Amino acid sequence: MELQDVMKRSDRDAADVREFFNGWSLYRRIVDHDYLYHRSAREALTAWLDAWVKDANRSFSFLDLGCGDAAFSTGVLKGRNVAAYTGMDLSPVALDLARENTAEIAAPVALMPGDFMLEIGKLPAAYDIVYIGLSLHHLSRQEKEYFFSELRRKIAPGGAVLIFDPVLTPGESRESYMGRWVDYAEWSWKALSVEEIAGAVQHVTSSDFPEEVATLNRMAVGSGFRPAEILFMDHTDFYALMAFQLA
Ligand SMILES: C[S@@+](CC[C@H](N)C(=O)[O-])C[C@H]1O[C@@H](n2cnc3c(N)ncnc32)[C@H](O)[C@@H]1O
């Protein structure tokens with residue numbers, strides 16, 4: 001599938017996503033209260049990565065798509081044997097923060113503005129680890145299909161794609177997921193104001209298109225990966241951290 005064929009049939013507009021994340025402080029507050037389970041995801045990712053590094057016995061390159069302020073990835077990579085870090089994001093506000101945060105990574109850092117859906121095919125190299133944190137779900141199903149096939153071309157032998165994303169439970173509709181997500185956020189995000197929760201709800205219900213793990217597996221396997229190893233799933237069944245290794 002070629003990018004122009006996907007885009008011809010796509011009505012996606014990344015401007016809304018960029019605008020939401022340019023107001024970075026609301027997202028930061030949500031993360032700081034661990035409402036999206038970053039803490040557990042980081043523990044699981046770090047444990048997986050340490051085991052991978054031990055097996056591979058070498059330093060690794062890391063591509064962070066939708067890196068945001070890169071605080072999450074910097075927390076994972078600090079003190080580890082990183083050969084090079086590349087981050088890409090739509091939001092210039094987030095990338096400015098990423099510039100400061102990634103100073104703690106002891107490796108060459110490249111931060112690139114751009115839409116990873118449009119840019120992935122142009123990225124130059126093969127990466128050992130590609131991480132996509134809470135941003136794949138902004139793509140439509142057809143875009144995700146294309147994206148997986150491009151990801152396959154960007155992975156070095158022995159490498160992996162790690163995806164932390166909202167996922168539908170088996171058989172669940174997007175509408176049903178959104179219903180329980182909104183109920184849960186309104187009930188449990190007590191540190192946020194009504195206006196802040198309304199802002200998050202507006203973003204999630206208009207811009208998020210989660211898939212079932214089985215759907216992501218189908219795309220991944222069709223592109224040359226093994227089905228996901230589930231590294232973490234939160235207790236509310238909203239988010240999963242998945243590792244896709246080459247078949
Ligand atoms: C929910 S934040 C996650 C940030 C970070 N990865 C984390 O886990 O905390 C999603 C980030 O992905 C970025 N993003 C969403 N869609 C994107 C796209 N198509 N291309 C590049 N960045 C994108 C947003 O600008 C935002 O910074």
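# A guided tour from the ligand outward

Begin at the ligand, which has 21 residues around it; Phe21, Gly66, Gly68, Gly133 and Ser135 are the closest. Helix 2 (15-22), strand 2 (82-89) and helix 7 (116-119) are the elements that each give two or more residues to this shell. Select helix 2 within that group, for it supplies the largest share, three residues. Coloured by character, the shell residues divide into 12 nonpolar, six polar and three charged. Please note, before going further, that the model is a predicted one.

**The whole chain**

Next, show the complete chain as a cartoon. It contains 11 helices and eight strands. The radius of gyration is 17 Å, close to the 18 Å that the globule rule gives for 247 residues, so the chain is as compact as a globular protein of that length. Along the principal axes, the C-alpha atoms fill a box of roughly 50 × 40 × 30 Å. Of the 247 residues in the chain, 36% are buried. If contacts are drawn between residues at least 6 apart in sequence, 71% of them join residues at least 24 apart.

**The nonpolar core**

Select Phe62, Val130, Val161, Leu162 and Met242. These are the residues with the most contacts inside the largest nonpolar core, which has 63 residues. Which element gives the most to this core? That element is strand 5 (residues 155-168), with seven residues.

Now centre the view on Val161. Residues up to four places away in sequence aside, Val161 touches Val130, Leu151, Ile155, Phe225 and Phe244.

**Helix 11**

Move to helix 11 (residues 213-222) and display the side chains of Val213, Leu216 and Ala220, which are its buried residues. Look down the helix axis: these buried residues fall within an arc of 65 degrees, so they line one face of helix 11. The spacing has a simple background. An α-helix has 3.6 residues a turn, so residues three or four places apart point the same way. What do the buried residues of helix 11 pack against? Their partners are helix 8 (141-154), strand 5, strand 6 (211-212) and strand 8. After helix 11 comes Gly224, with a positive phi near 105 degrees.

**The loop between strand 7 and strand 8**

Select Asp237 and Phe238 together. Phe238 is found in the loop between strand 7 (229-233) and strand 8 (239-245), and Asp237 is in the loop between strand 7 and strand 8 as well. Asp237 is not a glycine, yet it has a positive phi of about 60 degrees. Asp237 counts as partly exposed because it has 14 C-beta neighbours inside 10 Å, whereas Phe238 is buried, with 20 other C-beta atoms within 10 Å. Beyond its neighbours within four places in sequence, Phe238 is in contact with Pro166 and Trp181. For a sense of distance, add Glu150: Phe238 and Glu150 are 88 residues apart in sequence, and their C-alpha atoms are 26 Å apart in space.

**The loop between helix 3 and helix 4**

Another loop to select is the one between helix 3 (24-32) and helix 4 (38-56), where Asp34 is placed. The phi of Asp34 is near 60 degrees, a positive value in a residue other than glycine. Is Asp34 buried or exposed? Asp34 is exposed, because 11 other C-beta atoms lie within 10 Å.

Continue into helix 4 and pick out Arg42. With 18 other C-beta atoms within 10 Å, Arg42 is partly exposed. Show Phe72, Gly75 and Val76 beside Arg42; it touches these three, residues up to four places away in sequence not being counted. A distance drawn from Arg42 to Leu134 gives 13 Å between C-alpha atoms, for residues 92 apart along the chain.

**Helix 10**

The final stop is Ala200, in helix 10 (residues 194-207). Ala200 counts as buried because it has 21 C-beta neighbours inside 10 Å. Leaving out residues up to four places away in sequence, Ala200 touches Leu26, Ile30 and Ala185. Val182 is 18 residues from Ala200 along the chain, and the C-alpha atoms of the two are separated by 9.2 Å.

Methods: Residues are numbered from 1 along each chain as its sequence is written. This is a predicted model: local features need pLDDT of at least 70, side-chain atom pairs count only at pLDDT 80 or more; totals for chains, interfaces and linings use all residues. Helices (H or I, at least four residues) and strands (E, at least two) are DSSP runs, numbered from the N terminus. A residue is buried if 20 or more other C-beta atoms lie within 10 Å of its own, exposed if 12 or fewer, and partly exposed in between; C-beta atoms are placed from the backbone. Two residues are in contact if their C-beta atoms, placed from the backbone, lie within 7 Å. A nonpolar core is a set of buried Ala, Val, Leu, Ile, Met, Phe, Trp, Tyr and Cys residues joined through C-beta atoms within 7 Å. A residue is near a molecule or strand if its C-beta atom, placed from the backbone, lies within 6 Å of it. Ala, Val, Leu, Ile, Met, Phe, Trp, Tyr, Cys and Pro count as nonpolar, Asp, Glu, Lys and Arg as charged, and the others, Gly among them, as polar. The arc is that of the directions from the helix axis to the C-beta atoms. The radius of gyration is taken over C-alpha atoms; the globule rule is 2.2 Å times the number of residues to the power 0.38.
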